[in-house]
Amino acid sequence: MEGKSYFTLREWVIIILLAVVSGLINSYLPIKSITEHLGVPGPAAGMALFGGLIFVLWVSLARQVTKKKYSGIITSVFIASFCLLIHPWYGVVEPAWFSVYAIAALLCLGVIIELTESRSSWLAILGGGLGNLSGLVITWLAIGFHTGVWIPLGFAPFLILGAIVSGSVGVLLAHGISQLVKWR
């Protein structure tokens, strides 16, 4: 006896396509060079300032396009998986399991977006910011504990605010794109 999939083939294609785009942007856009050029120290300064465009936009867009629960969460896990297929999370290879933090960071981001997306527009926008911030904090802690590289305290408030704004902008862009494009 075969059960019917929760997502249609079309919805799976959308989720996977959006996750691939996000993974490729994360892997091949020179975000680290951009933040270094701007004089913003890391680690993960790019995630703080551009995570809304790199991750949140695509997770939120998947949720809005499919209009189904869990699509944001699944998209975020696929994004982490595609990123890890290309290279280790932030280049850290010791311990060997360090990349689990990528899954944890993006899963947390996806869960927060998923929980806030179907609520009011303002809560969805805030959810994008908090989702991006949660992924950033998990990444900062993982890098700090395992490599000893910590964000300079003087830049932390700026990057925290940047993460919230960037994530919020990602949700706003997703809402705008979904309004412009007829998906069905």
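A pocket is an open set of points, on a 1 Å grid over the protein atoms alone, where a 1.4 Å probe fits and protein lies on both sides within 12 Å along at least five of seven lines. The largest pocket here has a volume of about 520 Å³, a volume being the space filled by probe spheres set on the points, with grid points joined across faces, edges and corners. The model is predicted: local features need pLDDT of at least 70 and side-chain atom pairs count only at pLDDT 80 or more, while totals for chains, interfaces and linings use all residues. Residues are numbered from 1 along each chain as its sequence is written, and side-chain values use heavy atoms, with hydrogens and water left out.

**Largest pocket**

- Lining residues have an atom within 4 Å of a point; of the 23 that line this pocket, I31, K32, A44, G46 and Y90 are the closest to its centre.
- Helix 1, helix 2 (31-37) and helix 3 each give two or more residues to the lining, and helix 3 gives the most, with five.
- Helices are DSSP runs (H or I, at least four residues), numbered from the N terminus.
- By class, the lining has 15 nonpolar, six polar and two charged residues; Ala, Val, Leu, Ile, Met, Phe, Trp, Tyr, Cys and Pro count as nonpolar, Asp, Glu, Lys and Arg as charged, and the others, Gly among them, as polar.

**Packing of helix 1 and helix 3**

- Helix 1 (residues 9-28) packs against helix 3 (residues 45-66) at an angle of about 170 degrees, with the axes 9 Å apart.
- The axes are lines fitted to C-alpha atoms over the stretch in contact, and angles run from 0 to 180 degrees between N-to-C directions.
- The two helices are therefore roughly antiparallel (angles over 145 degrees).
- In this contact (heavy atoms within 4.5 Å), helix 1 residues including I14, L18 and I25 meet helix 3 residues including F55, W58 and V65.
- The contact residues divide into 11 nonpolar, three polar and one charged.

**Helix 6**

- Helix 6 (residues 121-147) has 27 residues and spans 39 Å from first to last C-alpha, close to the 39 Å expected at 1.5 Å a residue (1.5 Å times one less than the number of residues).
- G148 follows helix 6 and has a positive phi, near 80 degrees.

**Backbone in the loops**

- G42 and P43 are joined by a cis peptide bond with omega about 15 degrees; P43 lies in the loop between helix 2 and helix 3.
- A cis bond also runs from E94 to P95, with omega near 5 degrees, and P95 is in the loop between helix 4 (71-86) and helix 5 (100-117).
- K67, in the loop between helix 3 and helix 4, is not a glycine yet has a positive phi of about 55 degrees.

Notes: Angles under 35 degrees count as roughly parallel, over 145 as roughly antiparallel, 65 to 115 as roughly perpendicular and the rest as oblique.
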